[in-house]
Structure formats: structure tokens, C-alpha cells
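Here are two short exercises to work through with the model open beside you. Take your time with each step, then compare your result with the solution.

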Amino acid sequence: MLIIYDTSHNKICGLTNYKDLNIVREINKLDTLTFLYPISDNKHNSIIEEGYIQTKDNEYVIKEVNYSDESYDQVVCEANIETIKGNPISHFETKEQKCEDTVNLALAGTGWTIGSCDVIKLRTVKKSNCSSYDVLQEIQNIYRCEMTFDAINKKIYIYNSMGTDKGVYFSDQLNLKKVDTQKNTHDYITRLIPVGKDGLDITSVNNGCSYVENRQYSNKTITAYWSDNRYTVAQDL
């Protein structure tokens, strides 16, 4: 059974009437969950973008509800790492540190911890105007390691290698015949920190605040940086 939560993470109900449930794990990408749900079901209207779906093993954020002319809609979700993606870091730097120590520093303030790590290399990582998730992606590139995210327990598992490349395959087992995507929230944020040339910010023209935000759709705080060196005047930025 799947458990659905609203955008404020309040439990709504269980979902049992789904079909063709698939969980896909790709190296150095977030796990994705997809399933089909009948349009006629009375719980269908509870499935909205930025709500949450929980399985027995993980939790996901609903990113797409693909409306079609058939009797089922396709729901696309990704592993819930909102507090990692939404944690802003103006400057991050470590020099010749173990992977575990570097990841712990990147996770500061997110509520996440390391479940296990078998990577013992020493590397240097440097990144600016980014999120904790951006730093984790940089760590994966520099240490040549792989990560999985347990969103229920807020644990990250780090491996030298989780598996091997099995190549590409095609499957005709899904029943979905037609999909017309109307909207998605893959790039959804609620708080934006703009940065101009030479680190210019908007605090001087925005009541001392370095960001702008919009919470019309949900009360989540999901922060991101936006940089453009063409801006030299705070008001224009």
C-alpha cells in the first residue's frame, strides 16, 4: 500500500487501487517512483504535485500527474530530499578530507546523516552559491562514489560502487497508451537568492533580506541560488 500526504506533510489516506508501480534507481540520480491511478477513484483528487507518497522503504515527492484520455493517470515521483535541495550554501570548501567528513559538512543544517560509507579516498571539494544537493553531486563526481537516499530515516548511504552498467533495455509491459503532460514541479522552489556581479545581492533594496519568496502554492521552504554576472545594480537584480 502507498500512503499519501498533502503538501504540508499531513497524512491523507492509503492508496491501494494503483497499478504498474515501478521504482527506478539510476547511478548518481534520485530514485523515481511511477504508477498508474484510476481517474474515477475517489482518492484521485488527493494526488497533486508537491504532495508526498510513502512506500514501506522510502518517501517521494509527487512531481508530475500526467493526465491522459484513458481511464488512468500516470504519477511520477522522486525521492524526497527537499531539506537537502533547499539548504543554501554560499561557499563550501574542504581540502584533502575523507568522503565521510566532507558529506557531513555538506549535510549540516539539513537533518540528514550518513548511514554508511565505504569510501576512504582523500579529496578536495570547492563550490559556491549552491545547495547541499549540488555539493553532494560534486562529491560524487570528485570521489567517484555513488549515493542512495533513505528519505524516511534521513540517511545517506555512500558506496565506491553499487553495481554495474547493464546497458539499455526496452519494455512493452506498461499499459499506458497515451500521456499528455500538463504540468510538473521538477524545478519547483519557493525562495530565490539572486546574485549579481562580484557577489552583488539585493539586501540594500529588499529591507535587508537577501532573497525573494512566493508561498502561494505551499508553505515549503525550498531555496535556490540564481546567478547572473550581467547585473551590477541591486535594484535591477
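**Exercise 1.** Locate Asp6 and describe its surroundings in this predicted model.

*Solution.*

Step 1: Start with the strands. Asp6 sits in the loop that links β1 (2-5) to β2 (11-15).

Step 2: Decide whether Asp6 is buried, partly exposed or exposed. Its relative accessibility is 24%. Buried means under 20% and exposed over 50%, so Asp6 counts as partly exposed.

Step 3: Follow the side chain. A polar atom of the Asp6 side chain lies 2.9 Å from the backbone nitrogen of Ser8, and one lies 2.8 Å from the backbone nitrogen of Asn10.

Step 4: Look further along the chain. Setting aside neighbours within four places in sequence, Asp6 is in contact with Ile12, Gly51 and Tyr52. Ile48 is 42 residues from Asp6 in sequence, yet their C-alpha atoms are 7.9 Å apart in space.

**Exercise 2.** Work out how many disulfides there are, with a look at Cys130 and Cys145.

*Solution.*

Step 1: Recall what to look for. A disulfide is a covalent bond between the sulfur atoms of two cysteines. The cut-off here is 2.5 Å between the sulfurs.

Step 2: Check Cys130. The closest cysteine sulfur to its own belongs to Cys99, 16 Å away, so the gap is too far for a bond.

Step 3: Check Cys145. Its nearest cysteine sulfur is also that of Cys99, at 4.2 Å, and Cys145 is in no disulfide.

Step 4: Give the count, which is zero disulfides.

Step 5: Add the accessibility. Cys130 is buried at 4%, and Cys145 is buried at 1%.

Technical notes: Residues are numbered from 1 along each chain as its sequence is written. This is a predicted model: local features need pLDDT of at least 70, side-chain atom pairs count only at pLDDT 80 or more; totals for chains, interfaces and linings use all residues. Side-chain values use heavy atoms; hydrogens and water are left out. Helices (H or I, at least four residues) and strands (E, at least two) are DSSP runs, numbered from the N terminus. Buried means under 20% relative accessible area, exposed over 50%, partly exposed in between (1.4 Å probe, protein chains only). Contact means heavy atoms within 4.5 Å. A polar contact is a pair of N or O atoms within 3.5 Å; within protein, one must be able to donate a hydrogen and the other to accept it, and residues adjacent in sequence count only if both atoms are side-chain atoms.
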